[in-house]
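Here are some short exercises on charged side chains, each with a worked solution. Have a look at the model, then try each task before reading on.

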Amino acid sequence: MLLVLTFIAVIAIVAVAIVRASARGSRPPVFLPPDELNHQLRSLVAQGKRIYAIKLLRRHTGMGLKEAKDEVDGLAAGRPINHPALHRPPTAPAAAPPDNLAARVRQLKEAGRVEQAVHLVRGETGMTEDEALRFLRAL
């Protein structure tokens, strides 16, 4: 009986994880003007919400985790963030993101966001990092 209940609990946990993962991938990107992005970053840092500031900065600039963390820590110390996305008007996003994985990965690769492309491939396919890099090179 205990084995059956454990099995059901594991299945429920896996199902919740799958639903959450699919919901995360369906959010459309939101692009803010540089002034608004700067304002929101400063507001989050002032509220002590550095993790949210890091996530916001990464989503808008394509920075890696360490680079974004260093920038947010610098912002908290009074230094401005020095990234081109915060100093020029953002480019207009595509009307709708492509449906297939290869097209989305190709867009990231062409934009110079190789790390994000590898992360996307690994997240959607379960590939290892080496497999995802081979996939990326093949495009």
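A residue is called buried under 20% relative accessible area, exposed over 50%, and partly exposed in between (1.4 Å probe, protein chains only). This is a predicted model, in which local features need pLDDT of at least 70, side-chain atom pairs count only at pLDDT 80 or more, and totals for chains, interfaces and linings use all residues. Residues are numbered from 1 along each chain as its sequence is written, and side-chain values use heavy atoms, with hydrogens and water left out.

**Exercise 1.** Find the salt-bridge partner of Glu124 and place the pair in the fold.

Step 1: a salt bridge needs a side-chain nitrogen of Lys or Arg within 4 Å of a carboxyl oxygen of Asp or Glu. Step 2: Arg104 is the partner of Glu124, with the closest N and O atoms 2.8 Å apart. Step 3: Glu124 sits in helix H6 (residues 114-125) and Arg104 in helix H5 (residues 101-110), so this pair links distant parts of the chain, 20 residues apart; helices (H or I, at least four residues) are DSSP runs numbered from the N terminus. Step 4: Glu124 is partly exposed, at 43% relative accessibility.

**Exercise 2.** Work out which parts Asp73 and Arg50 tie together.

Step 1: the closest N and O atoms of their salt bridge are 3.2 Å apart. Step 2: Asp73 belongs to helix H4 (residues 65-76) and Arg50 to helix H3 (residues 50-61), so the bridge ties together parts 23 residues apart in sequence. Step 3: Asp73 is partly exposed at 23%, and Arg50 is partly exposed at 38%.

Conventions. Helix = DSSP H or I, 4+ residues; strand = E, 2+ residues; numbered from the N terminus.
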